[in-house]
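Dear colleague,

Please find below the structure that I am handing over to you. My findings follow it.

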Amino acid sequence: MSGKINAVLTMLLVACGLSLVNAQYQARHLFIELERTQSQARQLDIEWAQLQLDQSTLGKHARIEEIARRDLNMTPLTSARTQYLTPEPAK
């Protein structure tokens, strides 16, 4: 009788040990995944900040005006060059 109890307890102890090893493995795996994801989030934050800086630099009015003048040969609009259209009277 005592031998059967010892065998059952031994099997239960082995099962608990294997379960503990599996839980530790899962915890390590999840921790590694968490670290990887946090690292990726930090990298994306850096990239986002760089893109915002680029956007503010490239979107400045003076830069756009300079490119329009230089590359597209555009000139500022003056009132002498403005043509106003009036709608035709209704028939």
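Of the 91 residues of the protein, 1% count as buried. Please keep in mind throughout that this is a predicted model. The surface that the protein exposes comes to about 9,000 Å², and 64% of that is supplied by carbon and sulfur atoms.

The overall form may help you to place these values. The secondary structure consists of 2 helices and 0 strands. The radius of gyration is 36 Å, well over the 12 Å that the globule rule gives for 91 residues, so the protein is more spread out than a compact globule. Along the principal axes, the C-alpha atoms fill a box of roughly 110 × 45 × 15 Å.

Two pairs of residues give a sense of the distances involved. Ser39 lies in helix 1, and Ser39 is partly exposed because its relative accessibility is 37%, between the 20% limit for buried and the 50% limit for exposed. From Ser39 to Ser79 there are 40 residues in sequence, and the C-alpha atoms of the two are 56 Å apart in space. Asp54 is also placed in helix 1, and at 32% relative accessibility Asp54 counts as partly exposed. Between Asp54 and Leu34 the separation is 20 residues in sequence and 30 Å in space, taken from C-alpha to C-alpha.

I turn next to the charged side chains. Side chains of opposite charge can pair when their charged atoms come close. How many salt bridges does the count come to? The count comes to 4 salt bridges, and three of them are described here, one by one.

In one of them, the side chains of Arg36 and Glu33 meet, with 3.0 Å from N to O. Both Arg36 and Glu33 belong to helix 1, which covers residues 2-58, and they are 3 residues apart, about one turn of the helix. Glu33 has a relative accessibility of 35%, so Glu33 counts as partly exposed.

Another salt bridge links Glu66 with Arg70, where the closest N and O atoms are 3.1 Å apart. Glu66 and Arg70 both lie in helix 2, residues 61-72, with their positions 4 residues apart, about one turn of the helix. Glu66 is partly exposed because its relative accessible area is 46%.

Arg70 has a further partner: a salt bridge joins Arg70 to Asp71, and here the closest N and O atoms are 3.0 Å apart. Asp71 has a relative accessible area of 47%, so Asp71 is partly exposed. Through salt bridges that share partners, Glu66, Arg70 and Asp71 are joined into one network.

Taken over the protein, there are 10 positive and 9 negative charges, and the mean positions of the two sets are 5 Å apart.

The surface also has a nonpolar patch. Which residues form this patch? Met1, Ile5, Leu9 and Leu12 form it, and together they have about 460 Å² of accessible area. Among them, Met1 is placed in the segment before helix 1. Is Met1 buried or exposed? Met1 is exposed, because its relative accessible area of 79% is over the 50% limit.

One last residue deserves a mention for its backbone. Most residues other than glycine have a negative phi. Asn73, although not a glycine, has a positive phi of about 55°. The place of Asn73 is in the segment after helix 2. With a relative accessibility of 65%, Asn73 counts as exposed.

As you study the model, you may wish to begin with the network of Glu66, Arg70 and Asp71, and then turn to the patch of Met1, Ile5, Leu9 and Leu12.

Yours sincerely,

A colleague

Key
Residues are numbered from 1 along each chain as its sequence is written. This is a predicted model: local features need pLDDT of at least 70, side-chain atom pairs count only at pLDDT 80 or more; totals for chains, interfaces and linings use all residues. Side-chain values use heavy atoms; hydrogens and water are left out. Buried means under 20% relative accessible area, exposed over 50%, partly exposed in between (1.4 Å probe, protein chains only). Patches are made of residues with over 30% relative accessible area and no salt bridge: like charges are joined within 9 Å, nonpolar side chains (Val, Leu, Ile, Met, Phe, Trp, Tyr) within 5 Å. Accessible areas come from the Shrake-Rupley method with a 1.4 Å probe; for residues, only the protein chains shown count as cover. The radius of gyration is taken over C-alpha atoms; the globule rule is 2.2 Å times the number of residues to the power 0.38. Lys and Arg count as positive and Asp and Glu as negative; His and the chain ends are not counted. The place of a charge is taken as NZ of Lys, CZ of Arg, CG of Asp or CD of Glu.
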